[in-house]
Amino acid sequence: MNPSPPLPASFLRLPLAHRGLHDRAAGVIENSRAAFRAAIARGYGIELDVQRSADGEAMVFHDHEMPRLTDRPGLVHDYDAASLATIPLSGAADGETIPSFAEVLALVAGRVPLLVEIKDQDGALGPDVGPLESRVAALLSGYGGPVAVMSFNPHSVAAVGAALPGCPRGLTSCDYDDPDLSVPDYRRAELVAALAGFATAGGAFISHDRHDLASPLVAGLKARGLPVLTWTVRSPAEEAEARRVADNVTFEGYLAAL
């Protein structure tokens, strides 16, 4: 993996609104333009997710499947970008639709830090990656604001590094022994090795599950000076506990202190 530039200081100073500052009860849906505008208005950084459309566009959407957030069946990559752009987000007060990554970059316009998670496209956090990473890199190549990219898939992180070496890159991580993690057993060992060696390999940061911050792997990386972000914090009490280890939090459901 190409060595990454360091994570900009603003990512350690401003709490990161998880999928934007969303509030479904108010009609502000996760990963929506309204959620990103709300985060910017409050001065928070933004964490968001990107998936690939059928025609290779980067779309801002968390799930692989459509039904939780829309009234459509199937998978995100069953639809082309033009079709996704017409599909309303369920519960959105203004009927807004799925945004493209290009739209969100134009909306944020460098005003707050932007942490981009590339969702796994391999299906098992393996090496079948490239097209989405290349598209994200192409869109970011002309972006002037503070931005960093991460993924659960270390191959995806490496692909971004090859396509856009000047972009800070991190690994989204968790307890790889978790039985709910849907990857083959052999892949778990590869992921542990990738996390353990991430600082040596030139990574800029990790974003680790808050439930597993006591992991010796996390302690080892922090001791080597690698910044540790954490997800997903849902209360001030959880934030106070997480910050015993983490340098910053990705939060939702309350207003983190600035």
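Helices and strands are taken here as DSSP runs, helices (H or I) of at least four residues and strands (E) of at least two, numbered from the N terminus. With that in hand, the loop between helix 4 (101-108) and strand 4 is a good place to start, as Ala-109 is found there. The phi of Ala-109 is near 50°, a positive value in a residue other than glycine. The model is a predicted one, and a few such backbone details are worth a look before the overall fold.

A second positive phi belongs to Leu-125, again a residue other than glycine, with a value near 60°. Leu-125 sits in the loop between strand 4 and helix 5 (131-140). Its relative accessibility is 7%, and because buried means under 20%, Leu-125 counts as buried. The backbone also holds a cis peptide bond, running from Trp-231 to Thr-232 with omega near -25°. Thr-232 belongs to strand 8. For context, most residues other than glycine have a negative phi, and most peptide bonds are trans.

Turning to the chain as a whole, the protein has 9 helices and 9 strands. Its radius of gyration is 17 Å, close to the 18 Å that the globule rule gives for 258 residues, so the protein is as compact as a globular protein of that length. The C-alpha trace spans about 45 × 40 × 40 Å along the principal axes. Among the contacts with a separation of 6 or more, 59% join residues 24 or more positions apart. Of the 258 residues, 54% count as buried. The protein exposes about 10,400 Å², and carbon and sulfur atoms supply 55% of that area.

The remaining feature is the largest pocket, which holds about 780 Å³ of space. The lining of this pocket is made up of 33 residues, and those closest to the pocket centre are His-62, Glu-117, Lys-119, Phe-152 and Trp-231. Strand 2 (45-52), strand 4 (114-118), strand 5 (147-151), strand 7 (205-209) and strand 8 (228-233) are the elements that give two or more residues to the lining. By class, the lining of the largest pocket has 13 charged, 11 polar and 9 nonpolar residues. Trp-231 thus links two parts of this account: Trp-231 is among the residues closest to the centre of the largest pocket, and the cis peptide bond to Thr-232 starts from Trp-231.

Notes
Residues numbered from 1 in each chain as written. Predicted model: local features only at pLDDT ≥ 70, side-chain atom pairs only at ≥ 80, totals over all residues. Heavy atoms only, no water. 1 Å grid on protein atoms, 1.4 Å probe; cavity = no way out; pocket = protein on both sides within 12 Å on 5 of 7 lines; lining within 4 Å. Points joined across faces, edges and corners; volume = space filled by probe spheres on them. Nonpolar A, V, L, I, M, F, W, Y, C, P; charged D, E, K, R; others polar. Rg over C-alpha atoms; globule rule 2.2 N^0.38 Å. Buried < 20%, exposed > 50% of the residue type's maximum accessible area, 1.4 Å probe, protein only. Contact = heavy atoms within 4.5 Å. Areas by Shrake-Rupley, 256 points an atom, 1.4 Å probe, with all protein chains shown as cover.
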